[in-house]
Amino acid sequence: MQTQTQEEYAEHSMSHETAPVKIMQIGTGFWASKVLLSAVHFDLFTLLSEQQSLSAADVKKKLQFQCADRQVFDYLDALVALGFLKRKGLLESAKYSNTEHSEMFLDKKKNSYVGGMLKMMNQRLYHFWGNLEQGLTSGKPQNEAKENEDIFSALYNDADRLSDFLRAMNSLQIGNFIAFAKKFDFSKYTSLTDVGGASGLLSVMVAKHNPHIKCVSFDLPEVEPIASKTISKFDMEGKVSLKSGNFFRDPIPEADVVIMGNILHDWNEEQKLKLMKSAYNAVKKGGVFVAIENIIDRERKENLFGLMMSLNMLIETGQGFDYTLADFDIWAKKVGFSSTTMIPLAGPTSAAIAYK
């Protein structure tokens with residue numbers, strides 16, 4: 001077997017076809033991630049939206065950075081290179097402003113803001129994902145549960161933490177909820193129950209776009225004050241009501257359409273089947289059960305976000321996982337549904353639908 005010399009190996013690895021560019025991009029991906037997450041943490045994009053444009057010196061002063069000027073240049077120029085900021089000039093003479101996408105989605109004063117999820121990722125998940133190896137070798141959660149604290153108890157027993165979590169979920173899901181409210185044919189139905197409805201946002205979006213639908217947001221009593229604020233904010237009193245209960249212990253309120261958004265993936269297969277059976281019992285004859293999740297593609301190689309989210313369930317719950325439509329179809333028929341289909345929503349998210 002011929003062995004390459006060090007010089008031959010170096011020459012080979014530098015060729016365009018074999019350069020390990022993608023390997024290094026992925027391997028150093030946490031650098032880029034932290035640059036963006038820290039900018040969201042500092043509300044840099046909100047600041048730039050207010051001021052239109054700022055110099056590096058202005059940013060340094062307003063955000064109270066204590067690092068050297070050159071490091072501020074590097075930080076802001078990295079955000080330029082990543083496509084999150086625009087720049088006119090260079091170094092001391094440069095003026096920085098938001099790109100169109102940063103202006104739309106990273107200014108916290110806009111309704112289209114998605115930074116809530118990014119802030120939660122920065123505060124919680126960034127650190128927990130550093131323990132992915134331990135999660136894979138132990139099969140145990142790598143979040144607050146490592147200290148013998150159940151993640152859901154940790155969230156629901158702390159009003160501030162719960163509020164932050166639900167705000168993060170809203171920023172991630174609002175596009176999907178609006179897409180579902182518009183794409184799904186509600187013409188044959190009059191009632192909907194959102195199981196684990198959290199802030200009530202899905203029910204509000206459905207009722208807003210389909211005025212004939214009466215919606216119930218069903219979740220633990222701790223979230224009721226937050227959901228009430230959402231209903232009031234969108235003037236949906238009378239269209240959306242709240243019911244408190246535990247979806248593992250209490251019957252799900254009966255409806256034509258029963259929905260679970262980002263619920264099934266929290267649990268193992270046995271628990272998924274239990275939840276889907278409860279949903280089946282709650283769906284009126286001729287109705288549907290809907291799971292809004294990052295449904296993984298059949299070949300398990302296209303929906304990278306879905307696969308990553310499934311690993312995130314390892315970090316968060318230990319046994320939870322995301323799934324394909326084929327998986328959903330098997331479970332749905334096992335609990336009694338007759339057929340399934342899927343509607344793509346926003347980005348990597350879809351609505352898996354089971355018919356009764």
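Q: Where should I start: what share of the contacts with a separation of 6 or more comes from residues 24 or more positions apart?
A: Contact means heavy atoms within 4.5 Å. In this protein, residues 24 or more positions apart account for 65% of the contacts with a separation of 6 or more. Before we go on, some ground rules: this is a predicted model, where local features need pLDDT of at least 70, side-chain atom pairs count only at pLDDT 80 or more, and totals for chains, interfaces and linings use all residues. Residues are numbered from 1 along each chain as its sequence is written, and side-chain values use heavy atoms, with hydrogens and water left out.

Q: How many helices and strands does the protein have?
A: Helices (H or I, at least four residues) and strands (E, at least two) are DSSP runs, numbered from the N terminus. Here they come to 16 helices and nine strands.

Q: How do I read burial, and what percentage of the residues count as buried?
A: Buried means under 20% relative accessible area, exposed over 50%, and partly exposed in between, with a 1.4 Å probe and protein chains only. Of the 356 residues, 47% count as buried.

Q: Could we try one residue: is Ser55 buried or exposed?
A: Ser55 counts as buried because its relative accessibility is 9%. Ser55 sits in the loop between α4 (44-51) and α5 (56-62). Beyond its neighbours within four places in sequence, Ser55 is in contact with Ala94, Lys95 and Tyr96.

Q: And which residues does Met104 touch?
A: Met104 belongs to helix α7 (residues 100-105) and, at 42% relative accessibility, counts as partly exposed. Not counting residues up to four places away in sequence, Met104 touches Lys110, Ser112 and Tyr113.

Q: How do I read a helix pair, and at what angle do α3 and α6 cross?
A: Axes are lines fitted to C-alpha atoms, for helices over the stretch in contact, and angles run from 0 to 180 degrees between N-to-C directions. Angles under 35 degrees count as roughly parallel, over 145 as roughly antiparallel, 65 to 115 as roughly perpendicular and the rest as oblique. The axes of α3 (residues 29-41) and α6 (residues 69-81) come within 10 Å and cross at roughly 105°, so the two helices are roughly perpendicular to each other. Val35, Leu36, Ser38 and Ala39 of α3 make this contact with Tyr75, Ala78 and Leu79 of α6.

Q: What is the handedness of the crossing of α3 and α8?
A: A crossing is left-handed if the near helix is turned anticlockwise from the far one by less than a right angle, and right-handed if clockwise. The crossing of α3 and α8 is left-handed. Their axes come within 9 Å and cross at roughly 120°, which makes α3 oblique to α8.

Q: Which residues of α16 are buried, and what do they pack against?
A: In α16 (residues 325-335), the buried ones are Phe328, Asp329, Trp331, Ala332 and Val335. The buried residues of α16 pack against α14 (269-282), β7 (283-293), β8 (339-344) and β9 (350-355). With α14 in particular, the axes come within 9 Å and cross at roughly 55°, so α14 and α16 are oblique to each other. α14 passes α16 in a right-handed crossing.

Q: Finally, what follows α16?
A: Gly336 comes after α16, and its phi is positive, near 125°.
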